[in-house]
Amino acid sequence: MVTCEGGGDFIYTKAGAFIGGECYGPKNFKFTKVMLGPEESAGRAFLGQMARRFTGENLPLMKVDFSGDSVTYYANNQQHVVVYKLQQGETISVESENILAFTRDCKYSVRFLAQGVISQKGLATSTLTGNGPNAFAALLVDGNPLVLSNIQNGSTIEADPDTVVCWIGSDPEFRTDISWRNFIGQSSGESYMFEWDSHNTATVIIQPKERHSGVDVTMDGARTGARPSPRW
């Protein structure tokens, strides 16, 4: 839900995410497809678009302009929504598919993690950085979100990259556990992990539903659920 008083503001949302709204008077909001990106200059928008397409982090966006008092609602496939307020200069690293909306005070970008490509999350990540007093990000989560943090206690956090929605703080290390068992279909199913130790502190949001990604190195395709086509 986005409440606007007085108009003169706008947000960016996932294209097609609007589900309803109420205006106090005639309709006073409009939608515009974002052709390249939310960057201020055309050159930066073009470069940002190329980077997002190259890394697979591209997110179709629309701009919602408000010109009066209104309340509008946005959703995506019945997913849960987590709203986070970013402090000035604070960055949240998030999978592009988990972004529902963000305000104009968020700087949207993509950066490389250089962690490998075994998981869908590993090579690059989208980022939202606080760039003003009203930097809000609305994030999508499949199921009830779980928040883990080692900022206070310095613990070690392990997370399946395919369940990670976002993190605020240090980037994770990428850990693999691949042996001969993987190649004969006898792996544990947990062959790669993101890890934050006491020297890499962060707050991490994960979801109970795993994405369908990764590299299958088994003989029977069990990791990705591949099965022979049925014969009738």
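Accessible areas come from the Shrake-Rupley method with a 1.4 Å probe. The views below show a predicted model.

**View 1. The whole chain holds 2 helices and 18 strands.** The surface that the chain exposes comes to about 12,700 Å². Carbon and sulfur atoms supply 52% of this exposed area. Of the 232 residues in the chain, 43% are buried. Among contacts between residues at least 6 apart in sequence, 80% join residues at least 24 apart.

**View 2. Strands E14, E17 and E16 form an open sheet, in that order.** The pairing in this sheet of 3 strands is antiparallel. Its edge strands are E14 (157-159) and E16 (173-176), each of which pairs on one side only. On average, neighbouring strands of the sheet are turned by 30° against each other, with direction ignored. Strand E17 covers residues 192-196 and is joined to E14 over 3 bridges. In this pairing, Glu-195 in E17 stands opposite Glu-158.

**View 3. Strand E18 (residues 202-206) is mostly covered.** Of its 5 residues, 4 are buried. Strand E13 (residues 146-149) pairs with E18 in the antiparallel sense over 4 bridges. Here Val-204 in E18 has Leu-148 opposite. Strand E15 (residues 164-169) also runs antiparallel to E18, and 5 bridges join the two. Ile-206 in E18 is the bridge partner of Val-164.

**View 4. Strand E5 (residues 61-66) pairs with strand E2 (residues 9-14) and with strand E4 (residues 29-33).** The E2 pairing is antiparallel and has 6 bridges. Within it, Lys-63 in E5 stands opposite Tyr-12. The E4 pairing is antiparallel and has 5 bridges. Val-64 in E5 is the bridge partner of Phe-31. Lys-63 also forms a salt bridge with Asp-65, with the closest N and O atoms 3.9 Å apart. Both residues of this salt bridge are partly exposed: Lys-63 has a relative accessibility of 24%, and Asp-65 has a relative accessible area of 21%.

**View 5. A salt bridge joins the side chains of Arg-104 and Asp-9.** The N to O distance is 3.3 Å. This pair links distant parts of the chain, 95 residues apart. Arg-104 lies in the loop between strand E9 (99-103) and strand E10 (106-112), and Asp-9 lies in strand E2. Arg-104 is partly exposed, at 43% relative accessible area. Asp-9 is partly exposed too, at 34%.

**View 6. The side chains of Asp-171 and Arg-111 meet in a salt bridge.** From N to O the distance is 2.6 Å. Asp-171 lies in the loop between E15 and E16 and Arg-111 in strand E10, so the salt bridge ties together parts 60 residues apart in sequence. Asp-171 counts as partly exposed, with a relative accessible area of 28%. Arg-111 is partly exposed as well, at 26% relative accessibility. The structure holds 3 salt bridges.

**View 7. Met-1, Ile-19 and Tyr-73 make a nonpolar surface patch.** The patch has an area of about 360 Å². Ile-19 is found in strand E3, which covers residues 18-23. Exposed means over 50% relative accessible area. Ile-19 has 59% and is therefore exposed.

Conventions: Residues numbered from 1 in each chain as written. Predicted model: local features only at pLDDT ≥ 70, side-chain atom pairs only at ≥ 80, totals over all residues. Heavy atoms only, no water. Pairing = 2+ DSSP bridges. Axes fitted to C-alpha atoms, helices over the stretch in contact; angles between N-to-C directions. Patch = residues over 30% accessible without salt bridge, like charges linked within 9 Å, V, L, I, M, F, W, Y side chains within 5 Å. Salt bridge = Lys/Arg side-chain N within 4 Å of Asp/Glu carboxyl O. Buried < 20%, exposed > 50% of the residue type's maximum accessible area, 1.4 Å probe, protein only. Contact = heavy atoms within 4.5 Å.
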